[in-house]
Amino acid sequence: MRQKNDFFLKHAELPKGLELSWAMFNHRLEIVKLSEALYSQVKKPIASILKQPMSAAFPTLELTLIDLTNRTTKQLLHFIDERGHAQQAIILPIDDSADHWCMVLTQLDLDEKMANGTPP
């Protein structure tokens with residue numbers, strides 16, 4: 001019988017092109033840690049991202065929609081970044097910290113009809 005762990009993909013087995021974009025931020029909405037993939041995506045100097053308000057990295061993200069009192073469920077936000085790409089941000093509380101959250105960012109590839117607001 002196969003062990004349970006044999007069914008789970010290990011980090012080292014992920015495809016090379018699959019990069020996870022994430023940032024950890026505090027109760028002041030300042031980015032305190034981030035993934036290399038997110039850094040590459042933002043395309044700004046690290047000093048203008050790290051320990052700076054999230055609006056420095058994501059000026060089009062409506063930060064008032066983030067509910068910092070919600071530490072029980074994930075929050076889902078959608079926005080268009082500065083380069084016109086649709087983004088999905090999932091906001092999750094970090095369990096062992098009372099004032100830190102994680103944001104996982106995914107670029108959405110919308111077809112032309114969806115981008116123009118027309119359903120397929």
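This passage looks at the nonpolar core, the aromatic pairs and one buried glutamine of a predicted model.

Residues are numbered from 1 along each chain as its sequence is written, and side-chain values use heavy atoms, with hydrogens and water left out. Because the model is predicted, local features need pLDDT of at least 70 and side-chain atom pairs count only at pLDDT 80 or more, while totals for chains, interfaces and linings use all residues.

A good place to start is the core. Nonpolar side chains tend to be buried together in soluble globular proteins. A nonpolar core is taken here as a set of buried Ala, Val, Leu, Ile, Met, Phe, Trp, Tyr and Cys residues joined through side-chain atoms within 4.5 Å; buried means under 20% relative accessible area, exposed over 50%, and partly exposed in between (1.4 Å probe, protein chains only). The largest such core has 21 residues, and those with the most contacts inside it are Phe25, Ile31, Met54, Phe58, Leu61, Ile66 and Met103. Among the elements that give two or more residues to this core are strand E1 (21–26), helix H1 (36–42) and strand E5 (100–108); helices (H or I, at least four residues) and strands (E, at least two) are DSSP runs, numbered from the N terminus. The largest share, 3 residues, comes from E5. With contact meaning heavy atoms within 4.5 Å, Ile66 touches Phe25, Leu29, Met54, Gln75, Leu77 and Ile91, not counting residues up to four places away in sequence.

Next come the aromatic rings. Rings of Phe, Tyr and Trp (its six-membered ring) pair if their centres lie within 6.5 Å; planes under 30 degrees apart count as stacked, over 60 as edge-to-face and the rest as tilted. By this rule there are 2 aromatic pairs. The ring centres of Phe25 and Trp101 are 6.0 Å apart and the planes are at 15°, so this pair is stacked. Phe25 belongs to strand E1 and Trp101 to strand E5, so the pair ties together parts 76 residues apart in sequence. Both Phe25 and Trp101 are buried. Phe58 and Phe79 form an edge-to-face pair, 6.2 Å centre to centre with 75° between the planes. This pair links the loop between H2 and E3, where Phe58 lies, to Phe79 in strand E3, 21 residues apart.

Finally, Gln87 is found in strand E4 and, at 1% relative accessibility, counts as buried. The side chain of Gln87 makes a polar contact with the side chain of Gln41 (3.3 Å); a polar contact is a pair of N or O atoms within 3.5 Å, where within protein one must be able to donate a hydrogen and the other to accept it, and residues adjacent in sequence count only if both atoms are side-chain atoms.
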